[in-house]
Amino acid sequence: MTSILETSVADCHPASVPDYIPVEQLRDLQLQRLRTVVTRAWQQVKLFRSRMDELGLTPDDIRSLEDIAKLPFTKKSDLRDTYPFGLFASPMKDVVRLHASSGTTGKPIVVAYTQEDVDVWTSVLVRALAGCGLHRGDIIQVAYGYGLFTGGLGAHYGAEGLGATVVPASGGHADRQIMLMRDFGVTAICCTPTYFLHLVDRAAELGVDLKKLPLRAGIFGAEPWTESIRWHIENQSNIKAFDIYGLSEIIGPGVSCECFRHEGLHIFEDHFYPEIVDPDSGAPLPDGCEGELVLTTLSKQAMPMIRYRTRDITRILPGKCECGRTLRRMDRIGRRSDDMLIIRGVNIFPSQVESALLQIDGTLPHYQILLTRKQGLDQMEVQIEVTPQMFNDKIGALQELHQKLQGALDRVLGIRVQVALVEAHTIERSEGKAVRVIDRRAS
Ligand SMILES: [Zn+2]
């Protein structure tokens, strides 16, 4: 007989997993948790208390889920301004883990977890991985960086909690990653989508055919990626590619994840309450409308986040998913409001460039946007790698491809930018998040 400890979530009856609870019951649970977390933040976090006071609010003013819109937003700058521990709601003796963002400028942001927070984090990742069809018996290679970054340890605990065998490879060392995948019979990998594309290229150079390995799923996150990238990944490696979303400020990876339908990411709403707001005015928008994702942690103890502005642009998808989960879905993150480039007065997002380019045959999923300034005028050059066949073919084919790409970019962006076709492996590969934009305008 199997003991309860030996049963993974995937083996359980769906009804026993919170993903499938009736919507009304879920809303009741959310309201109850919202009131508790608001009270906790109000009692323990000085900044939150003073903002509530300014608005003349107390936790008693939260009587329905809609009342959440009365509460003040929390922004990334609040984490920096209160560095390192100013937003903690638990004494340090109850904090079992600290993580921090890499922070390209200035101080990093610091996040904290109690044991209960780590357990919630593990549980949402178990549900995410189970939703991708993984279970006990799978061998999961975690190729996110381990350390202050939440990716590695988050995926690690989730995979272990699922009962799978974890290979904690961490980031980097592509040749070793490929050796482990092959020799250990790895069935699933967690990393950034661009790093996996790098592994695909490197495997080909080493003469390892990924399509012949037991690898069948990739859980890819930590950067926005498009359907074109999914197509490239699945086509070249014969795996199913799943999008996972999360951010350290909320918990790390595992805020939401695709199911096998690949029609949006189910938000683990019993722990993270989503809202979509107008990025300029902050006004709430209804389901179906695109705007900025705002998240409230419903069960976090060490560091509750109330109405956190993620800067990620998405929408809540209306309707039910055919997988049967009652959790609402968010659209894939195509862009972040901070990614916006302003070129000669026109707003441009790297993801627009990506979708325009990668739909055209002959391109490879590696590109970079180079920004410079000449005589006070912004210049944008898009470098894109093309297949080796293109360079081997007669010169006309390359010119034709150049024209097609130029035309596609003109249509999408509305301004003329330079296109440079480069040979495969010209653009430097990253071991984590891809570097899509190099801005040399200031120098
Ligand atoms: Zn689904």
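## Elements and the pocket they line

Helices here are DSSP runs of H or I with at least four residues, strands are E runs of at least two, and both are numbered from the N terminus. With that settled, three elements each give at least two residues to the lining of the second largest pocket: α7 (193-206), α8 (227-237) and β19 (363-374). Keep in mind that this is a predicted model.

The second largest pocket comes out at about 350 Å³. It is lined by 20 residues, and those closest to its centre are V200, D201, A204, Q236 and L364. Helix α7 supplies the largest share of the lining, six residues. By type, the lining splits into 10 nonpolar, six charged and four polar residues. Both domain 1 (2-25 + 97-334) and domain 2 (341-439) put at least three residues each into the lining.

## The zinc site

Who holds the zinc ion? Three cysteines and a histidine do the job: C259, C321 and C323 through SG, and H266 through NE2, at 2.1 to 2.3 Å. The angles between the four donor atoms run from 101 to 117 degrees, so the arrangement is tetrahedral; the cut-off for that label is all angles between 85 and 135 degrees.

Along the sequence, the donors follow the spacing C-x6-H-x54-C-x1-C. One pair ties together distant parts of the chain: H266 sits in strand β9 (residues 265-267), while C321, 55 residues apart from H266, lies in the loop between β14 (316-317) and β15 (329-330). Are these two buried or exposed? H266 has a relative accessible area of 1%, so it is buried. C321 is buried too, at 8% relative accessibility; the label applies under 20%.

## Backbone oddities

Most residues other than glycine have a negative phi, and most peptide bonds are trans. A few spots in this model go the other way. Y83 and P84 are joined by a cis peptide bond, with omega about -5 degrees. P84 belongs to the loop between α3 (76-81) and β1 (95-100).

Then there are the positive phi values. S170, not a glycine, has a phi near 60 degrees, and its place is the loop between β4 (165-167) and α6 (174-184). R311 isn't a glycine either, yet its phi is positive at about 70 degrees. R311 is in a strand, β13 (residues 308-314). With a relative accessible area of 30%, R311 counts as partly exposed.

How values were computed:
Residues are numbered from 1 along each chain as its sequence is written. This is a predicted model: local features need pLDDT of at least 70, side-chain atom pairs count only at pLDDT 80 or more; totals for chains, interfaces and linings use all residues. Side-chain values use heavy atoms; hydrogens and water are left out. On a 1 Å grid over the protein atoms alone, a cavity is a set of points where a 1.4 Å probe fits but cannot get out, and a pocket is an open set with protein on both sides within 12 Å along at least five of seven lines; lining residues have an atom within 4 Å of a point. Grid points are joined across faces, edges and corners, and a volume is the space filled by probe spheres set on the points. Ala, Val, Leu, Ile, Met, Phe, Trp, Tyr, Cys and Pro count as nonpolar, Asp, Glu, Lys and Arg as charged, and the others, Gly among them, as polar. Domain bounds come from an automatic or database domain assignment. Donors are N, O and S atoms within 2.8 Å of the metal (3.2 Å for Na, K and Ca); water is not among the atoms, so sites may look incomplete. Four donors count as tetrahedral if all angles lie between 85 and 135 degrees; four count as square planar and six as octahedral if opposite donors are over 155 degrees apart and all others between 65 and 115; anything else is irregular. Buried means under 20% relative accessible area, exposed over 50%, partly exposed in between (1.4 Å probe, protein chains only).
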